[in-house]
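Trainee: I would like to learn how to read a binding site. Where should I begin?

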Amino acid sequence: MKPAHYVNGAFSTAGPAFPLRSPIDGRQVGTVPEAPRALVDEAVTAARAALDGPWGATGVEERCAFLRAIADGIEARFDEFVDAEVADTGKPRELAATVDIPRAIGNFRAYADLSYGRPDRAYNTRVPGWSGTGEALNYTVRRPLGVVAVISPWNLPLLLLTWKVAPALAAGNALVVKPSEETPSTATLLAEVIDAVRLPHGAFNLVHGHGTGAAGEFLTSNPGIDAIAFTGESATGSAIMRAAAQHVTPVSFELGGKNPALIFADADLDEAVEGTLRSSFTHSGQVCLCTERVYVERPIFDEFVRRLGEKAGQLKDYGPMISAEHRDKVLSYYRLAVEEGATVVAGGGAPSFGDERDGGYYVEPTVLTGLAADARTVREEVFGPICHVAPFDDEAEAIRLANDSPYGLAATVWTSDLSRAHRVAPRIEAGIVWVNCWNLRDLRTPFGGVKASGIGREGGEYSLDFFSEPVNVCIKI
Ligand code: NAD
């Protein structure tokens with residue numbers, strides 16, 4: 001599979017190529033074309049033309065049929081998609097085959113179902129006139145935003161890309177999509193599927209390349225863009241917001257996190273340990289929803305730390321960091337934690353396998369204790385397999401500690417006291433709070449963060465609301 005751009009219905013490898021490396025052994029496995037500014041501009045122009053042409057004339061029924069055909073197209077090439085996702089990210093095959101690719105298919109089907117049944121006109125009101133203006137009938141129509149830039153990260157490449165592409169197409173927008181430079185392959189396969197179902201040319205365009213000073217920035221600074229849907233780091237969100245400010249372009253942002261888990265003494269300890277193991281170490285901590293701060297009620301603190309540390313030390317079948325650069329960043333936090341006074345309960349370094357993986361970008365699952373609340377390791381997002389465990393004494397302190405962060409994406413609460421769960425959950429400054437579980441997802445529910453973790457919500461109606469604009473029509477009677 002060779003990564004290629006897809007602009008106005010044509011594949012190309014325009015622009016200089018940069019190497020694509022396998023995170024599993026560090027070897028170069030291919031090259032990625034770096035889209036020049038002219039190609040990005042061409043993609044935006046093609047998207048605009050699609051809105052003025054056949055794509056703009058499609059009804060919701062036709063668009064939903066396209067979404068279903070795309071879902072079927074991915075399903076028909078399921079193994080190729082899994083192979084490509086595993087090759088780019090190094091994630092365990094089982095994860096790609098049970099989460100990434102099925103969810104991408106699910107995203108298209110869910111938005112076909114949701115959009116098909118959604119009225120595109122609403123709020124009909126007939127109002128008696130006031131101030132002598134006479135009676136009027138008001139109704140509201142939802143229009144697509146227009147040309148939408150979609151920019152996505154490397155951790156769940158196809159899942160997060162399609163989480164925006166599906167609702168944006170359902171709502172009738174034309175897209176220019178830029179996946180992460182680290183993970184170009186499944187986006188290219190998606191373009192092949194979209195080409196095969198004969199989506200009108202220009203409705204979906206794909207450009208590859210880097211962010212700063214490259215394809216990403218060419219896209220966000222293009223005056224022809226009507227909205228930006230972005231998932232990635234909070235610092236990148238700030239940079240994109242500065243570019244968006246120039247043309248007051250609306251943004252939907254899913255950004256970083258430093259997610260807390262609160263474990264109360266009345267929790268089922270087996271489940272809390274297993275759940276925290278999953279929430280901290282799934283995809284080697286490279287999921288935005290992963291737990292990096294664990295707070296445990298003091299009577300069970302020692303027991304919890306012992307059991308979590310033991311299990312983390314036994315983890316064997318874990319994947320690498322996405323790149324050498326990211327591995328170095330995570331290892332620098334492991335060293336910083338020790339400098340800041342941490343006790344290393346498990347992990348803390350890079351593993352040695354004695355095989356090809358020693359050329360890859362692996363780090364050990366790491367459990368720490370003993371850091372102060374203001375330690376950088378406790379405050380900054382590491383985005384690796386690391387968690388710090390600290391004790392708390394009562395509910396109020398647990399909530400205060402959970403909220404003591406610039407981020408506010410997701411949290412987990414482990415307790416067998418139902419009243420406590422209902423009391424604590426809404427007081428946590430986060431977009432999503434899981435009680436006695438983690439990452440249990442219903443695609444219709446709101447998804448997103450507060451504070452530095454994002455702007456807006458995705459999921460169900462929330463995405464369809466972002467990707468369309470209500471227009472009120474007022475008819476004087
Ligand atoms: P990143 O911000 O480095 O890159 C994300 C995308 O933005 C890439 O496609 C990149 O090329 C592009 N980009 C970078 N600089 C840009 C610029 N100046 N202008 C335009 N585009 C630019 O993020 P990443 O390292 O790929 O992903 C990891 C981050 O994503 C973590 O912080 C993680 O928490 C976050 N994330 C958040 C969610 C969520 O739903 N909230 C989900 C997954 C990942």
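Trainee: Which pocket does the ligand take up?

Mentor: Keep in mind that this model is predicted. The ligand fills the space of the largest pocket.

Trainee: Which residues around the ligand come nearest?

Mentor: Start with the shell, then pick out its closest members. Here 30 residues surround the ligand, and Trp154, Glu181, Thr236, Leu255 and Glu381 come nearest.

Trainee: What is the make-up of the shell by class?

Mentor: Its residues divide into 12 nonpolar, 12 polar and six charged.

Trainee: Which polar atoms lie close to the ligand's oxygen and nitrogen atoms?

Mentor: A polar contact is a pair of N or O atoms within 3.5 Å. A polar side-chain atom of Glu381 is 2.6 Å from a ligand oxygen. The backbone also takes part: a polar backbone atom of Ser152 lies 2.8 Å from an oxygen of the ligand, and a backbone N or O atom of Leu255 is 2.8 Å from a ligand nitrogen.

Trainee: How much of the ligand does the protein bury?

Mentor: Compare it with the ligand taken alone, which exposes 850 Å²; the protein buries 93% of that.

Trainee: Why does the ligand lie between domain 1 and domain 2?

Mentor: Because both domain 1 (5–255 + 453–476) and domain 2 (259–442) contribute residues to its shell. Helix H7 (215–220), strand E10 (227–231) and helix H8 (234–245) each supply at least two shell residues.

How values were computed. Residues are numbered from 1 along each chain as its sequence is written. This is a predicted model: local features need pLDDT of at least 70, side-chain atom pairs count only at pLDDT 80 or more; totals for chains, interfaces and linings use all residues. Side-chain values use heavy atoms; hydrogens and water are left out. A residue is near a molecule or strand if one of its heavy atoms lies within 4 Å of it. A polar contact is a pair of N or O atoms within 3.5 Å; within protein, one must be able to donate a hydrogen and the other to accept it, and residues adjacent in sequence count only if both atoms are side-chain atoms. Accessible areas come from the Shrake-Rupley method with a 1.4 Å probe; for residues, only the protein chains shown count as cover. On a 1 Å grid over the protein atoms alone, a cavity is a set of points where a 1.4 Å probe fits but cannot get out, and a pocket is an open set with protein on both sides within 12 Å along at least five of seven lines; lining residues have an atom within 4 Å of a point. A molecule sits in a cavity or pocket if more than half of its atoms lie within 2 Å of its grid points. Helices (H or I, at least four residues) and strands (E, at least two) are DSSP runs, numbered from the N terminus. Ala, Val, Leu, Ile, Met, Phe, Trp, Tyr, Cys and Pro count as nonpolar, Asp, Glu, Lys and Arg as charged, and the others, Gly among them, as polar. Domain bounds come from an automatic or database domain assignment.
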